[in-house]
Amino acid sequence: MSHLTVENVSKTYASNTALYPINLALEQGELITLLGPSGCGKTTLLRIVAGFTAPSGGQVRLGGRDLTQLPAARRQMGMVFQAYSLFPNLSAEDNVRFGLKVRGVDKAASQQKLNRLFEMIGLSDMRQRFPHQLSGGQQQRVALARALAIEPQVLLLDEPLSALDAQVRLNLRDEIRRVQRETGTTTLFVTHDQEEALAISDRVAVMQQGRVAQLGTPEDIYCRPATPFVAEFVGTANCLDAVVTDPLRGLITVEGWAAPILVDAARPYPLGQRLKLYLRPEELRLGAEDAPGSLSGEVSDRRFLGSLTRLSVRVGPHILVTDLQGSAAGGFPLGTRVGVSFSPLAAQILAV
Ligand code: ATP
């Protein structure tokens with residue numbers, strides 16, 4: 001049996017539907033991310049699980065028990081919000097101690113727990129500081145410790161990293177995952193950042209306008225997107241319109257390209273089927289313009305991004321984006337004529 005289940009949970013406000021019936025099942029210790037653009041319903045779903053918002057329909061179950069009517073305080077869930085939500089007039093230690101006090105944990109036991117939690121978040125030497133004496137990242141660590149202090153059955157994290165700057169964000173992301181694994185806490189994590197979702201999750205639920213468009217492992221979501229929305233929202237994808245011109249051989253013709261190209265996955269589709277063809281930047285190879293089997297193009301833009309350089313190549317009416325590692329991009333200055341190729345297995349296609 002799954003640990004936390006969301007069964008046909010929906011939410012309608014007077015004039016709009018925030019959530020159509022949603023089903024999700026988290027295994028014990030699993031971290032699932034709700035990923036999607038602003039307004040797709042991530043926070044609404046999280047708040048329903050937490051008990052802060054009543055659903056219009058459906059149930060939330062924990063270990064099989066229906067929690068839908070239970071108030072938030074009795075759900076055994078820990079929550080961390082986007083904005084640092086520590087009590088400003090309490091020290092870091094007292095913030096973390098708060099939940100224990102409310103639950104009547106005795107002093108000695110709570111002291112031991114505090115020691116362990118502060119060690120876990122690496123802030124043992126800052127326990128006496130007040131929130132305004134801590135950086136944003138440190139405050140979020142304390143908020144995480146506070147949420148974990150009550151040994152919650154479920155951890156709910158609503159964009160906990162979005163107010164932090166890039167480096168702190170990456171460090172804390174890894175730290176949250178480490179702590180979550182160490183404690184084995186079933187976790188729902190909300191973000192609109194696809195890279196964050198791929199990096200931290202066991203599974204990702206990509207949400208679109210109040211529905212789950214796809215639920216899968218990060219690899220599923222990135223390598224086998226189920227819909228054009230998922231393919232375009234997660235990662236960078238070159239997206240081309242194409243039509244099947246020879247189903248037996250798996251040949252498709254991309255709009256504006258003279259020669260058909262081979263895409264193994266196109267074989268099951270009938271002649272004339274319209275497709276969207278997705279090519280990830282890292283799947284494209286650049287070589288000599290006249291290399292057999294390649295499409296001829298011209299480098300039209302270059303962006304140096306540190307460990308890689310992102311090149312745009314104009315092929316017919318399309319711009320294809322490709323990433324080259326390290327110094328490899330040096331051989332392709334702006335205006336260079338190139339041949340672009342890719343493995344027929346690397347192309348993802350979806351019928352439209
Ligand atoms: P963001 O990433 O911007 O926080 P989100 O995916 O978390 O977005 P929600 O906050 O869950 O989105 O909102 C989902 C939809 O429900 C939106 O269209 C929003 O306007 C609507 N909504 C949320 N709360 C209310 C409310 N109290 N009354 C009416 N509509 C609401």
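In the predicted model, Glu-151 is partly exposed, because 14 other C-beta atoms lie within 10 Å, a count between the limits of 12 or fewer for exposed and 20 or more for buried residues. Glu-151 sits in the loop that connects H4 to strand S7 (154-158). Its phi is positive, about 45°, although Glu-151 is not a glycine. Most residues other than glycine have a negative phi. A positive phi, near 60°, is also found at Gln-76, again a residue other than glycine. Gln-76 belongs to the loop between strand S5 (65-66) and strand S6 (77-80). With 14 other C-beta atoms within 10 Å, Gln-76 is partly exposed.

The chain as a whole contains eight helices and 20 strands. Of its 352 residues, 36% count as buried. Along the principal axes, the C-alpha atoms of the chain fill a box of roughly 75 × 45 × 35 Å. When contacts between residues at least 6 apart in sequence are considered, 65% of them join residues at least 24 apart.

Helix packing was examined for three pairs of helices drawn from H2, H3, H4 and H5. Two packed helices are described by the angle between their axes and the distance between the axes. Helix H4 (residues 136-149) packs with helix H5 (residues 166-183) at an angle of about 15°, and the two axes are 11 Å apart. Angles under 35 degrees count as roughly parallel, and H4 and H5 are therefore roughly parallel to each other. Their crossing is right-handed. On the H4 side, the contact is made by Gly-136, Gly-137, Gln-140, Arg-141, Leu-144 and Leu-148, which meet Val-168, Leu-172, Ile-176, Val-179 and Thr-183 of H5. The residues of this contact comprise six nonpolar, four polar and one charged.

H4 also packs with helix H2 (residues 92-102), here at an angle of about 20° and with the axes 8 Å apart. H2 and H4 are therefore roughly parallel to each other, and the crossing is right-handed. Residues Ala-92, Asn-95, Val-96, Phe-98, Gly-99 and Leu-100 of H2 face Val-142, Ala-145, Arg-146 and Ala-149 of H4 in this contact. By class, seven of the residues are nonpolar, two are polar and one is charged.

The packing of H2 with H3 has an angle of about 130°, with the axes 10 Å apart. H2 and H3 are therefore oblique to each other. This crossing, too, is right-handed. In H2, the residues that take part are Glu-93, Val-96, Arg-97 and Leu-100, and they meet Ser-110, Lys-113, Leu-114 and Leu-117 in H3. Four nonpolar, one polar and three charged residues make up the contact of H2 with H3. Val-96 and Leu-100 of H2 are thus among the residues that meet H4 and also among those that meet H3.

The loop between helix H3 (107-120) and H4 includes Gln-128. Gln-128 is exposed, because 10 other C-beta atoms lie within 10 Å, and 12 or fewer is the limit for this class. Apart from neighbours within four places in sequence, Gln-128 is in contact with Ser-91 and Glu-93. Glu-93 is also one of the H2 residues that meet H3. Between the C-alpha atoms of Gln-128 and Met-1, which are 127 residues apart along the chain, the separation is 42 Å.

The ligand is surrounded by Tyr-13, Asn-16, Ala-18, Gly-36, Ser-38, Gly-39, Cys-40, Gly-41, Lys-42, Thr-43, Thr-44 and His-192. Strand S2 (16-26) and helix H1 (42-50) are the elements that give two or more residues to this shell. The largest share, three residues, comes from H1. By class, the shell around the ligand has three nonpolar, eight polar and one charged residues.

How values were computed. Residues numbered from 1 in each chain as written. Predicted model: local features only at pLDDT ≥ 70, side-chain atom pairs only at ≥ 80, totals over all residues. Axes fitted to C-alpha atoms, helices over the stretch in contact; angles between N-to-C directions. Helix = DSSP H or I, 4+ residues; strand = E, 2+ residues; numbered from the N terminus. Parallel < 35°, antiparallel > 145°, perpendicular 65-115°, else oblique. Left-handed = near helix turned anticlockwise from the far one by under 90°. Contact = placed C-beta atoms within 7 Å. Nonpolar A, V, L, I, M, F, W, Y, C, P; charged D, E, K, R; others polar. Near = placed C-beta within 6 Å.
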